[in-house]
Amino acid sequence: MRRSIVAGLSLCVLLASCGRGTRATYQLTFNTEDASRLSELSLAVTRVVERMLESMGEEVRGLDIAQRGAGPELSFTTETAAAAELLREDLTTPFTLTIMRESKQSETPTVSIDAHGGFMETGIHQGHLEWVIASEEPDNRGRITLQFNADGRELMRKVFKQNVGKNIGIFVRGNLVAKLQVDTAELKDDIIITGIPTVALARVFADDVNVGLHVQFTPLP
């Protein structure tokens, strides 16, 4: 009987601990006033947070975005304080995206990636990108469309014109996420990346980049 009581008390302690968790709240600042994009970004924020916590083996609870006096606030509860702290670091670290060109043999690369070679800076970064659209191809694979602002399109035209037959790399948070071969000197307004293994993967990329481009997370007490 005594063992049963002790076991029962231990179980209650564990359940109480899991029930409390760690509550986190963030002020959200959007750098767009487009109503349709604001709606899309709000949904993307919740998906990004859910995926980040799932990658840590955490189950998020009470995930919600509510309009407060100072603006929209994101709130949720994690099972552990460690997960909340890791997520805080991820959400508040400035987002970076750069587009680099394949380096020439005579150049010292800005960065070298095993099995992919060296890449050089082009001056194109997250400030030149406006929006990312994920869609489905006829063969059920995913497609990503990168939409640039006027300055970004002009820079991309120069990169295409000077690098026909070579590769350009897209780096997100310092990691190479896509490598494309420039097959034409003429660039249309957008860059389209085809052949993404799944539509779901394309949507994950679009969520991550759009949230990184347009949402700032400020932790609240």
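These are my notebook entries on a four-stranded sheet, the helices on it and a few residues in a predicted model.

**Ground rules.** The model is predicted, so I took local features only at pLDDT of at least 70 and side-chain atom pairs only at pLDDT 80 or more, while totals for chains, interfaces and linings use all residues. Residues are numbered from 1 along each chain as its sequence is written, and side-chain values use heavy atoms, with hydrogens and water left out.

**Entry 1, the sheet.** I looked up the strand order and found an open sheet of four strands, β2-β3-β1-β12, with antiparallel pairing. β2 (61–68) and β12 (215–219) are the edge strands; each has a single partner, so one side of each lacks a neighbour in the sheet. From one strand to the next the twist averages 25°. I take strands (E, at least two residues) and helices (H or I, at least four) as DSSP runs numbered from the N terminus. Two strands pair if DSSP finds at least two bridges between them. Strand β1 (residues 22–30) and β12 pair in the antiparallel sense over five bridges. At L28, I noted F217 as the bridge partner in β12.

**Entry 2, helices on the sheet.** Helix α3 (residues 81–92) packs on the sheet and touches β1, β3 (71–78) and β12; contact means heavy atoms within 4.5 Å. The direction of α3 makes about 10° with that of β1. For such angles, axes are lines fitted to C-alpha atoms, for helices over the stretch in contact, and the angles run from 0 to 180 degrees between N-to-C directions. Helix α5 lies across β1 and β12 and runs at about 70° to β12. I checked the span of α5: its 16 residues reach 22 Å from first C-alpha to last, close to the expected 22 Å, where the expectation is 1.5 Å times one less than the number of residues.

**Entry 3, D207.** D207 is found in α5 (residues 199–214). I list D207 as buried because its relative accessibility is 8%; buried means under 20% relative accessible area, exposed over 50% and partly exposed in between, with a 1.4 Å probe and protein chains only. Other buried residues of α5 include F205, N210 and H214. The D207 side chain makes a polar contact with the side chain of R47 at 2.7 Å. A polar contact is a pair of N or O atoms within 3.5 Å; within protein, one must be able to donate a hydrogen and the other to accept it, and residues adjacent in sequence count only if both atoms are side-chain atoms. Leaving aside neighbours within four places in sequence, D207 is in contact with A44, R47, V48 and R51.

**Entry 4, aromatic rings.** Rings of Phe, Tyr and Trp (its six-membered ring) pair if their centres lie within 6.5 Å; planes under 30 degrees apart are stacked, over 60 edge-to-face and the rest tilted. I count three aromatic pairs by this rule. Y26 and F76 are stacked, at 6.1 Å centre to centre with 15° between the planes. Y26 lies in β1 and F76 in β3, so the pair ties together parts 50 residues apart in sequence. Both Y26 and F76 are buried. Y26 and F217 are edge-to-face, at 6.2 Å and 85°, and this pair links β1 to β12 across 191 residues. F217 is buried at 8% relative accessible area. I entered Y26, F76 and F217 as one aromatic cluster.
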